[in-house]
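Me: Could you go through this structure with me? I'd like to look at some helix packing and then at some aromatic rings.

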Amino acid sequence: MAGSTADGLVVVDKPAGFTSHDVVAVMRGIARTRRVGHAGTLDPMATGVLLLGLGRATRLLGHLALTEKEYTGTIRLGQTTVTDDAEGEVTASAGAAGVERAAIDTAVAGLTGAIMQVPAKVSAVKIDGKRSYRRVRAGEDVEIPARPVTVREFTVGDIAAATAGDGAAVLDLSVSVVCSSGTYIRALARDLGAALGTGGHLTALRRTRVGPYDLGAAHTLERLREELAVLPLGEAAAAAFPRWDVDDRQATLLGHGARIPTPPLPPGPVAVFGPEERFIALIDAADERARSLAVFA
């Protein structure tokens, strides 16, 4: 087993049945460091791209979690569950016999673009300081306010008729989604089923991309146990954020958190690099003055 305490990003292909915290625990053993974090939680049922930060790279994670994400999955129309996915008990089984492709496409179009979405009740969203899933499991009736999200693409591929375990005639939809941070694919499944009057839930989910990092860059835990692949801190930042190159004087000032003038830069985090490819900081250039988000110099 290879081990390292290097600062950097590890792109994991998360297996089913693991929580994101489980993966972090495994990586602590592989990398031989306690300083490991993750960007963007994946439910235990889900597989695919999970970004882990080692050492100082943990300070990038909150910003990486806000980037666009891409998924493939399966939505089952005809049944509703308490968790909006296959891990929860079925609460209604109306079936989906007779639902036409045209109706599905119309309902999908209504869930595409800038929408207001109510997160799944069994989720990590906090209600009055307490996780929603804890309140639900304690028997509380939870109301979560809707929040704005952007579903840039929501595409339905194959549609297969099936019979559920309780005998209900259901439809299994192969879907792909490109969306903003904070979007719940389980909630899209629930809301699609509600719009069609059939109920719906998610039966499979695979995250194929987080920002610039896709499955082509991801490694299984088994592979990482054999050889730990760490993307160096500077390379990780350069791949994920717009870049601003500065001279030695500017690098020194930014390394001390100074709010120096900037050229016109894109909104959001910008990675600053000094001479010899030194990664200095993440900044926000609002009002064309640098505001340090995290300093790495």
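**Helix packing and ring pairs**

Reply: The buried residues of helix H1 are covered by elements that include strand E1 (8-14), strand E2 (36-39), strand E3 (47-54) and helix H6 (221-226). Contact here means heavy atoms within 4.5 Å, buried means under 20% relative accessible area, exposed over 50% and partly exposed in between, with a 1.4 Å probe and protein chains only, and helices (H or I, at least four residues) and strands (E, at least two) are DSSP runs numbered from the N terminus. This is a predicted model, in which local features need pLDDT of at least 70 and side-chain atom pairs count only at pLDDT 80 or more, while totals for chains, interfaces and linings use all residues. Residues are numbered from 1 along each chain as its sequence is written, and side-chain values use heavy atoms, leaving out hydrogens and water.

Me: Which residues of H1 are buried?

Reply: They are Ser-20, Val-23, Val-24, Val-26, Met-27, Ile-30 and Ala-31. Seen down the axis, these buried residues of H1 fall within an arc of 165 degrees, so they line one face of the helix; the arc is that of the directions from the helix axis to the C-beta atoms.

Me: And what comes right after H1?

Reply: Arg-32 follows H1, and its phi is positive, near 60 degrees.

Me: OK, switching to H3, which residues are buried there?

Reply: In helix H3 (residues 101-109), the buried residues are Ile-104, Ala-107 and Val-108. They cover an arc of only 100 degrees around the axis, which puts them on the same side of H3.

Me: What do they pack against?

Reply: The buried residues of H3 pack against strand E4 (69-77), strand E10 (147-163), strand E11 (169-179) and helix H5 (185-196), whereas the face of H3 turned away from its buried side carries the exposed residues Ala-102, Thr-106 and Ala-109.

Me: Now the rings, how many aromatic pairs are there?

Reply: The count is two aromatic pairs, where rings of Phe, Tyr and Trp (its six-membered ring) pair if their centres lie within 6.5 Å, and planes under 30 degrees apart count as stacked, over 60 as edge-to-face and the rest as tilted. Phe-273 and Phe-279 form a tilted pair, 5.3 Å centre to centre with 35 degrees between the planes, while Phe-279 and Phe-296 form a stacked pair at 4.8 Å and 20 degrees.

Me: Which residue lies over the face of Phe-296?

Reply: Arg-59 does, at 4.9 Å from the ring centre, counting a charge as over a ring if NZ of Lys or CZ of Arg is within 6 Å of the ring centre and within 35 degrees of the ring normal.
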